[in-house]
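Reader: I'd like a close look at just one part of this model, the place where the ligand sits. Which residues come nearest to the ligand, and what surrounds it?

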Amino acid sequence: MCALHEQCGSSAIPFTRLLAAALAGVPAETSVRELWRALGEAGLIEALFADGARPSSAFLGALLAALDARFPIGVTLGICVQVGSALPILLDSGGDDLGVVRHDALAGKAMVALAATDEAAAGSDLMDAATILTGTDDGEIVEGGKLWITNAAQADQLLVLARCRQDRHFTSFAWVLVPRDAPGVSVRPATTTFFRGAGLGHISFDAVRVTAEQVVGRRGYALPSFARYISVERLAGALWATALTRRVIESTCQWLTTPSAAGPSRWDDQVARHRFARCLVEQQRAESLCAQLSSQVGGPDGQRAAMVLKAGVAMSTDLILSECASLQGAHAWADGGLAWLRAEAGMFGVAGGTTDALLDGIASYPPCPVTTS
Ligand SMILES: Cc1cc2nc3c(=O)[nH]c(=O)nc-3n(C[C@H](O)[C@H](O)[C@H](O)COP(=O)(O)OP(=O)(O)OC[C@H]3O[C@@H](n4cnc5c(N)ncnc54)[C@H](O)[C@@H]3O)c2cc1C
């Protein structure tokens, strides 16, 4: 039985076949919402989370590779953030009050954005986030702002990281689920021509009223839950980036080996072959990291494993895309060419944690990982 069948349970239909059938009916110029609905209606989001809040990494890899092959980065990003972090946090939260939202999200009827990066703090340091949840006699109020949120412009619900105590402490935060159309919520689209379809935006919360039922999970537990599930998003990003570089390497190989109108193919140039070989080495390195660390992400050393995976794959992605773009010369600058893809793929070293911040985190893990006996 292949790995992709393992978690299908009694279903005789493998995930990949269901996925191919679902995507066949979706046009390449689709929106995240249409794609999310198609995945939900085909039962694929449910299948991803068949074992609970952590998606199957085999299914996750298959999903993101299939999306990457068909859709622009922005559209895949809109799915990736939902299955990588927003849904896992929501599914793990327990409590019946949010059952409808969970059900609708798994069915592809509702989209959920994860709003953690705060306007008052660096994204790498969430402890300084200032968006606040305040209790009043009349209920609770959310006040503040979030930046660079994927799906901000198109999600139904916003899963917002909010401070519930003033102390600068790991236990001072709560998750709050805020409908995007709630009074006091406003979304400004991010001014970027990158990530078409991702609905990237900045969100303001101006005295937004919420009920106690909209607080997701236990108060004070949001940062531990973020740390646990951002690991899943980091794994998802690594699996996606590795699929993306695999297809870029294939297309670059084709480019290099196709005879040019002026004469022989570029493959005759030894320097070009060596630079391409360097990309193959990096690709193998990234795939090996994924193979070795995917299964560790849910385990006791999962946060460190996810940081190593994300930082390592982001570095390989950067190297492969810059070499392949350079090998393609001016061709890389044509519309839809590698120069654009390379710029967008730079997000693998920023969104969900910058490479520098992750290296800082890896270095701070005792004992030194290379000295394990
Ligand atoms: C395409 C895209 C989609 C995104 N989607 C979402 C989303 O859906 N939800 C969400 O909440 N956020 C999202 N973000 C925001 C993203 O998570 C943040 O941009 C990221 O966490 C980095 O934060 P920052 O931009 O404030 O950079 P900073 O934290 O200010 O970091 C900038 C630079 O400072 C240096 N630096 C920072 N910390 C350290 C350190 N500890 N050690 C060494 N150097 C350091 C590094 O050079 C780093 O690259 C998205 C961003 C992008 C680009």
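**Around the ligand**

Author: Let's start with the backbone of tryptophan 148: one of its N or O atoms lies 3.0 Å from a nitrogen atom of the ligand. Bear in mind that this is a predicted model. Oxygen atoms of the ligand have backbone partners too. A polar backbone atom of glycine 123 is 2.7 Å from a ligand oxygen, and a backbone N or O atom of alanine 116 is 2.8 Å from an oxygen of the ligand. As for how covered the ligand is, on its own it would expose 980 Å², and the protein buries 67% of that.

Now for the wider neighbourhood. The ligand sits in the largest pocket, with 22 residues around it. Of these, the ones that come nearest are Leu114, Thr117, Gly123, Ser124 and Asp356. If you sort the shell by class, you get 13 nonpolar, seven polar and two charged residues.

Where does that shell come from? Four elements each supply at least two of its residues: helix H5 (73-92), strand E1 (112-115), strand E3 (139-149) and helix H11 (355-363). H11 gives the largest share, with three residues.

Stepping back to the whole chain, the protein has eleven helices and eight strands. Its radius of gyration is 21 Å, close to the 21 Å that the globule rule gives for 373 residues, so the protein is as compact as a globular protein of that length. Along the principal axes, its C-alpha atoms fill a box of roughly 80 × 45 × 45 Å.

Notes. Residues numbered from 1 in each chain as written. Predicted model: local features only at pLDDT ≥ 70, side-chain atom pairs only at ≥ 80, totals over all residues. Heavy atoms only, no water. Near = heavy atom within 4 Å. Polar contact = N/O pair within 3.5 Å; in protein donor to acceptor, adjacent residues only side chain to side chain. Areas by Shrake-Rupley, 256 points an atom, 1.4 Å probe, with all protein chains shown as cover. 1 Å grid on protein atoms, 1.4 Å probe; cavity = no way out; pocket = protein on both sides within 12 Å on 5 of 7 lines; lining within 4 Å. Sits in = over half its atoms within 2 Å of the grid points. Nonpolar A, V, L, I, M, F, W, Y, C, P; charged D, E, K, R; others polar. Rg over C-alpha atoms; globule rule 2.2 N^0.38 Å.
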